[in-house]
Amino acid sequence: MIYRLLQTTVIAGVLTLVANQASASMIFNLSNQGSATAQMMAGMAEAGALWSALLHDPITVQIRIQAASLPAGVLGHTDSFYDPYSYTDVRNAMLGDRSSADDFSSASKLQSGSVHSMLINRTANNPNGVVSATPYFDTGLGGPGQAGPENNNTIRMTTANAKALGLSSAHSILLDGIITFSTQNIFDFNRSNGINAAQLDFVGIAAHEIGHMLGFVSGVDVLGGNAAAPGLNDNQLQFVTPLDLFRFSSRSLGAGGGIGVIDWTDDSIDKYFSANGGTTPVATFSNGATYEASHWKYNLGQGIMDPTATAGTLMQISTNDLRAFDVIGFDTAIVPEPSTFVLAALGLLGLGFLVLRKMHRSD
Ligand SMILES: [Zn+2]
């Protein structure tokens with residue numbers, strides 16, 4: 001989800017990388033649900049090219065685009081398909097996907113074993129009270145507030161993220177998600193002459209929404225829906241995402257926690273992205289109180305996954321954005337073009353696919 005912000009902001013750390021035409025690249029196969037305008041489809045293609053220039057995983061992402069009347073202030077939102085994987089398989093995939101310094105430092109700090117430990121709250125079986133906001137450590141090994149290890153041994157990721165990690169077919173023709181844009185006449189579709197002071201950068205907004213589908217999402221947004229009794233027990237909340245494996249706070253590293261122990265709580269305490277098990281903060285995540293947790297904290301100029309867009313501002317993919325996508329399984333290094341290259345199969349997708357796969361609207 002992305003919202004209109006009526007303030008100015010500066011994006012720090014903007015990348016100046018130039019696409020290497022000889023490298024393998026990510027393909028976006030875009031289909032119009034029927035209500036998207038030609039300008040929206042062209043803008044989506046341009047947004048996809050921004051990511052393809054920076055992420056070199058040889059996968060095809062299948063996106064359907066539509067336009068609809070959205071709540072006031074909402075410019076677009078993304079519905080992505082998700083699949084669950086074992087923590088062991090995800091950790092092994094991340095170890096196997098290492099190519100950058102961040103990949104090595106982040107993957108080496110992933111907790112070993114078949115379960116990972118986390119700071120959690122809001123559970124029905126919270127020892128501090130039913131759906132209490134007070135955090136506790138959930139190791140997956142049993143103890144107070146632990147009904148089972150299922151939330152500690154399961155990682156839930158977008159299907160596009162699974163493609164990048166090699167956990168599913170790279171060029172599957174199944175839909176990865178649907179992006180919906182507002183029908184309001186508020187977008188500037190042409191970036192070549194800057195963004196009109198009274199309009200919003202459509203291509204930047206489209207790139208933001210694609211970012212969610214690629215995996216910039218947090219299960220804390222689901223946990224936040226467990227704040228009212230009776231709620232679900234810890235083991236029923238199997239929504240930790242790959243990005244959440246790099247979500248920390250000083251509390252998660254403190255007494256009872258440690259390096260690599262994530263902070264998966266829903267509260268107003270800021271959490272940060274770290275590529276070395278929490279030792280070094282890179283950027284601040286949204287805590288979910290004002291905007292969804294599936295973002296950077298708003299209006300700090302940390303990157304395109306800021307939950308807000310400002311009129312007259314060209315939105316840029318930042319080094320923070322790229323580092324996050326790097327550690328969750330995407331390849332940011334320039335790699336040689338493979339000798340053979342398989343293009344995506346084309347074709348219309350029937351509704352049958354929609355009911356076979358779980359879809360979740362998180363952003
Ligand atoms: Zn968003």
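The second largest cavity in this predicted model has a volume of about 60 Å³. A cavity here is a set of points, on a 1 Å grid over the protein atoms alone, where a 1.4 Å probe fits but cannot get out. Grid points are joined across faces, edges and corners, and the volume is the space filled by probe spheres set on the points. By this rule there are four cavities of 30 Å³ or more.

Residues are numbered from 1 along each chain as its sequence is written. The model is predicted, so local features need pLDDT of at least 70 and side-chain atom pairs count only at pLDDT 80 or more, while totals for chains, interfaces and linings use all residues; side-chain values use heavy atoms, with hydrogens and water left out.

**Stop 1: the cavity lining**

Select Y87, S106, K109, L110, Q111, H116, L245, F246, F248, G260, I262 and G277, which line the second largest cavity. Lining residues have an atom within 4 Å of a point. The lining divides into six nonpolar, five polar and one charged residue. In this count Ala, Val, Leu, Ile, Met, Phe, Trp, Tyr, Cys and Pro are nonpolar, Asp, Glu, Lys and Arg are charged, and the others, Gly among them, are polar.

**Stop 2: a three-stranded sheet**

Keep I262 selected and add M118: I262 in β12 is the bridge partner of M118. Strand β5 (residues 118–120) and β12 pair in the parallel sense over two bridges. Two strands pair if DSSP finds at least two bridges between them. Strands (E, at least two residues) and helices (H or I, at least four) are DSSP runs, numbered from the N terminus.

Now show the whole open sheet, three strands in the order β6-β5-β12 with mixed pairing. β6 (136–138) and β12 stand at the edges with a single partner strand each, so one side of each has no neighbour in the sheet. Strands of a sheet pair through backbone hydrogen bonds, either parallel or antiparallel.

**Stop 3: salt bridges around D267**

Select D267 and R251, which form a salt bridge with the closest N and O atoms 3.0 Å apart. D267 is in the loop between β12 (262–263) and β13 (271–274), and R251 is in helix α7 (residues 250–253), 16 residues apart. A salt bridge is a side-chain nitrogen of Lys or Arg within 4 Å of a carboxyl oxygen of Asp or Glu. The count by this rule is eight.

Add K271, whose side chain meets that of D267 in a salt bridge (2.9 Å, N to O). Which of these residues are buried? Buried means under 20% relative accessible area, exposed over 50%, and partly exposed in between (1.4 Å probe, protein chains only). K271 is buried at 1%, and D267 is buried at 14%. R251 is partly exposed at 26%. With D263 added, the selection shows a network of salt bridges linking R251, D263, D267 and K271.

**Stop 4: K297 and D270**

Next select K297 and D270, whose side chains meet in a salt bridge (2.8 Å, N to O). K297 lies in the loop between β14 (281–285) and β15 (308–310) and D270 in the loop between β12 and β13, so the pair ties together parts 27 residues apart in sequence. K297 is partly exposed at 26%, and D270 is partly exposed at 31%.

**Stop 5: S100**

Finish at S100, in the loop between α2 (87–96) and α3 (101–107). S100 counts as buried, at 15% relative accessibility. The side chain of S100 makes a polar contact with the side chain of D326 (2.5 Å), and reaches the backbone nitrogen of D103 at 3.0 Å. A polar contact is a pair of N or O atoms within 3.5 Å; within protein, one must be able to donate a hydrogen and the other to accept it, and residues adjacent in sequence count only if both atoms are side-chain atoms.

Notes: On a 1 Å grid over the protein atoms alone, a cavity is a set of points where a 1.4 Å probe fits but cannot get out, and a pocket is an open set with protein on both sides within 12 Å along at least five of seven lines; lining residues have an atom within 4 Å of a point.
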